[in-house]
Amino acid sequence: MIELDNVSKSFVVRRRTGPLRRTRTTVPACESISFTVRAGEFVGYLGPNGAGKSTTIKMLTGILTPTSGSVVVAGLDPSRQRTTLARRIGVVFGQRTTLWWDLPLRDSLALVRHLYRVEAGAHRARLRTLVDLLDLGPFLDTPVRQLSLGQRMRGDLAAALLHDPELLVLDEPTIGLDVVTKATVRAFLERLNAERGTTILLTTHDLGDIERLCRRVMIIDRGRLAYDGDLDRLRAAAGAERMLVIELERPGPPVRLPGARFVRADGPRQWLVIGSGVNAASVVADVAARYAVADIALREPDIEDVVARLYRRGIPQAVAAAEKSVGLLGGFGGAAGGVPAPGRPRGREQPESGQGEDAGAEQRLQPVVEVTGRGEPAGEGERAPRRQEEIDAPADERQRGNQRDHRRSPSRHDDDADDEAGGRHERERPVEPGRVGDGVGQRVDGADRARRTPPRRIGQGGRQHDAEEKSEGVP
Amino acid sequence: MTYPWVMWYAMRRYAAYRVGALSEAVTNTVFGFLRAYILIALWHARPALGGYDVTDAVTFCFLTQALIGPVQIFGGMELTERIRTGDVAIDLHRPVDLQGWWLADDLGRAVFALLFRGVPPLLAGIVAFHLHPPGPGRWAQFAVAVLLAMLVGFGVRYLVALWVFWLHDDRGVQAIALVAALFFSGMLLPLVVFPGALGAIAVHLPWAALIQVPADVFLGKAGYFGLHGGAGLLGAYAFQAAWAVTLLVAGRLLTGAARRKLVIHGG
Amino acid sequence: MAREPADSVRLYGLLAWTWIRAAAQYPLSMVLLALATGVVTGLDLAAIALMFARAPRIAGFTASEVLFLYGTSGLSFAIADIVLGTAERLGQHVRQGTLDAMLVRPVSPLIQVATEDFSPRRMGKLIPTVTVLAVVMPRLGVAWTAPRVLLVPVMVGAGVAIFAALWVLTAAVQFVVIDGHQATKAITYGGGFLTQYPLGIFGRDVVRGLTFVIPLAFVNWEPALYVLGRPDPIGLPAAFRFASPAVAAVLCAVAALAWRSGLRHYRSTGS
């Protein structure tokens with residue numbers, strides 16, 4: 001369904017350096033990305049802000065043309081056959097709506113119907129189904145601008161699926177939604193994939209989505225595809241460990257135990273990390289025996305933790321090193337195959353991926369994972385301590401992501417002051433370590449609303465009588 | 001003192017879009033040229049129409065184009081949007097006077113517009129048509145008239161904006177205000193061209209204070225109509241000031257009513 | 001995008017009709033706004049009327065003749081504005097990122113932008129111009145030969161195409177230039193304004209510019225010279241009077257090209 005082969009995209013950024021001079025730099029947004037998605041799959045697409053997720057999505061849908069490499073979606077070239085392709089795919093943007101602000105939802109969907117040339121009978125039936133499944137009934141006649149975020153998202157989903165596309169691409173759909181709506185949307189997507197076999201590509205920051213819906217995950221970092229494979233493998237590879245949260249009776253010095261490492265303390269509460277391979281029960285017993293403990297909780301590795309770790313220290317190093325040392329080379333579902341079965345992939349067995357064939361795996365590994373030279377193959381025995389060190393290494397390489405955000409506006413507005421006022425409609429949320437996936441707290445308030453267009457320049461010097469159209473008072 | 005700060009901040013905000021403002025000034029200038037030719041043709045047919053000679057007419061034309069920005073003859077105010085979305089409730093709860101705040105904001109915008117949208121057309125006109133710029137004394141008088149015009153302009157637009165509190169769809173009011181402003185301010189044709197009764201009425205209305213009066217001051221013809229009495233220039237100022245005060249007071253009363261409505265009905 | 005023109009027209013109609021239906025839920029508001037639009041558009045007419053209240057002939061043209069020019073130009077401009085006027089908003093869409101949502105659909109973004117907010121209110125622009133034409137044409141005092149009669153609708157049609165092409169051009173500019181595009185209003189709105197008057201009053205150089213550089217002279221001036229039986233002030237050959245359709249076609253081609261390349265540019269540099 002989707003095939004990317006060595007796709008790269010770079011942007012030319014003009015930045016002001018001084019009152020009159022401008023420099024041009026070429027910023028690569030995507031570098032040599034290759035992956036394949038088979039029909040009927042449900043794939044998650046993760047990455048820190050500015051990593052190139054949206055750029056990839058745009059290239060898939062034909063909004064952007066790649067600088068090099070080939071993109072084939074549903075057998076078509078998005079940059080050349082945009083309209084033909086558009087008929088067969090549906091796209092949902094989380095941060096802005098594809099609906100029309102001032103129209104009631106029903107009319108918006110009618111417009112969509114005409115745009116996609118859905119004939120009346122099919123439209124009626126499909127609309128009825130979607131209204132049922134997404135519970136759109138109560139607000140079908142409300143103007144889109146008065147809808148809540150959750151309602152609007154459901155409306156966007158309906159609009160994207162009205163023409164029964166083969167592929168659905170979602171760009172952060174659950175951003176800012178409340179828990180109930182998220183659950184509704186997730187259930188809907190799961191059902192869509194299972195029953196209609198619609199291929200779904202889901203870009204998200206919310207790892208709950210991924211955990212619930214996808215077996216296969218692709219992670220993009222700094223323009224390169226850093227991981228493409230099973231979710232469970234990712235979890236294992238990143239070396240997330242179980243967390244023990246102890247509530248002491250009174251605040252005390254850091255708890256020291258064999259098999260557990262102190263992370264931090266906050267008053268009487270302390271967090272310890274239990275190394276994998278260590279028996280949690282014994283650690284718990286130990287703690288209870290040696291310290292006056294009021295409460296204990298044991299937490300399984302959080303997927304958010306996993307990914308935050310990876311984002312923080314740069315995915316290729318952590319994953320590549322860990323993977324190599326653990327000997328999981330054969331498990332990558334890379335560009336050439338070894339892709340989990342469509343529909344409902346279960347478990348982590350990928351028998352077709354040629355396990356144990358180091359040479360073959362190397363070949364497949366190359367385009368997908370950047371091996372940075374740090375990961376010498378290590379024996380099994382060295383696994384635990386090695387990974388401990390790597391994880392402790394403080395690395396903060398996220399800042400590069402911020403550079404990407406700037407590339408968009410300067411090419412449009414030569415004035416930096418414009419940035420704050422209105423140029424940047426694609427501002428992605430900043431990722432704070434440890435808070436990845438906290439979609440609930442960050443409301444995107446009608447981000448599609450005019451982000452502060454320049455202060456009203458009414459009467460654009462145009463002909464008087466036509467200024468009536470242009471002045472905002474007469475929409 | 002918040003108000004000077006508000007004004008300064010408004011200027012800075014608009015200054016971020018100076019490229020846009022300058023390109024609008026280009027359009028204003030082109031229109032200035034077009035209208036100048038039309039007026040020249042009219043004055044060839046009727047020289048000394050309304051007491052203006054051709055040079056006066058052309059100067060008038062470029063003055064009107066220059067004043068489009070500062071006086072915002074096409075109407076509108078950001079306040080309307082804030083009222084529509086309900087954000088104005090925040091403003092009303094602040095310990096700052098709503099009208100005062102918006103007045104300061106508007107003056108900041110007007111000053112910016114004066115520089116970036118007022119100067120280019122006037123300059124272009126003076127150069128291209130060999131107009132005679134008056135002496136510094138007259139410029140100073142003109143400046144005072146423009147300031148008063150800005151106040152009147154704000155007064156009118158503020159009242160129009162506040163109506164959104166009561167009418168949820170204000171497009172009708174805006175349209176009426178726009179037509180009235182364009183027609184009665186002298187934007188279409190100098191009010192001196194208006195025949196008979198129409199002209200007599202037009203010069204008393206507030207919109208005349210926006211463009212016709214400052215232009216007359218510039219041309220040294222303030223009080224020509226005889227309406228402003230023998231005091232001429234002072235009469236012109238008094239006319240503008242009277243309307244400014246009336247409109248601002250009305251605005252104040254309306255603001256109070258709006259606040260009461262908000263408190264009682266919850267907006 | 002490559003599609004049948006008839007298809008595009010049909011699609012345009014469907015989309016416009018959907019918008020109209022939505023607006024029709026507030027019929028009174030619709031009518032009032034249409035009237036208001038008519039009045040605002042009629043201000044130019046008021047200016048001309050005022051001028052001729054003071055002088056019987058201006059630049060050698062009578063009131064009827066100038067009103068004829070006003071009517072034809074105004075009608076062409078109004079129709080073009082109704083059909084493609086909102087294309088001007090392209091810059092807004094680029095800035096807000098909503099153009100991407102349009103590119104995801106199987107319809108040319110131009111059609112989508114042009115039909116946006118299509119409201120019967122726009123029709124109000126037609127009221128003054130149509131009325132004026134209907135009233136003035138019988139009073140023109142010209143001998144209505146067949147070519148003259150035919151030339152009027154041809155003139156209006158070509159005018160629509162020329163203005164429409166100019167609208168598309170100014171929209172295409174906004175793919176590349178965001179902040180300076182307001183200057184292009186001098187061409188669209190300025191063009192609509194100046195063609196209401198006999199071009200002769202603008203001076204020879206301007207008229208030449210408007211014939212060879214920005215072909216606004218072909219909107220109504222050149223054909224009108226034939227209809228009104230007047231000599232050309234700058235002495236161009238008679239063929240120019242009938243060149244409007246050809247000029248319109250060329251300009252439309254240029255506009256289409258500009259649009260495509262603008263869109264291509266947007267799709268390669270992102271936003």
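**Buried helix and nonpolar cores**

In helix α10 of chain C, the buried residues (under 20% relative accessible area, 1.4 Å probe, protein chains only) are C:Lys185, C:Ala186, C:Thr188, C:Tyr189, C:Gly190, C:Gly191, C:Gly192, C:Phe193 and C:Leu194. That makes nine of the ten residues in this helix, which spans residues 185-194 and is mostly covered. Helices here are DSSP runs of H or I with at least four residues, while strands are E runs of at least two, both numbered from the N terminus.

The model is predicted, so to speak of local features takes pLDDT of at least 70 and side-chain atom pairs count only at pLDDT 80 or more, whereas totals for chains, interfaces and linings use all residues. Residues are numbered from 1 along each chain as its sequence is written, chains are lettered from A in the order in which they are written, and side-chain values use heavy atoms, leaving out hydrogens and water.

As for chain A, it holds 16 helices and 13 strands, and 55% of its 475 residues are buried. Of its contacts (heavy atoms within 4.5 Å) between residues at least 6 apart in sequence, 72% link residues at least 24 apart.

The largest nonpolar core (buried Ala, Val, Leu, Ile, Met, Phe, Trp, Tyr and Cys joined through side-chain atoms within 4.5 Å) runs to 257 residues, with A:Leu168, A:Leu189, B:Ile73 and C:Phe68 making the most contacts inside it. Helix α9 of chain C (residues 146-176) chips in the most, with 16 residues. Apart from this core sits another of eleven residues, including A:Leu244, A:Ala260, A:Val283 and A:Val287.

Notes
Buried < 20%, exposed > 50% of the residue type's maximum accessible area, 1.4 Å probe, protein only.
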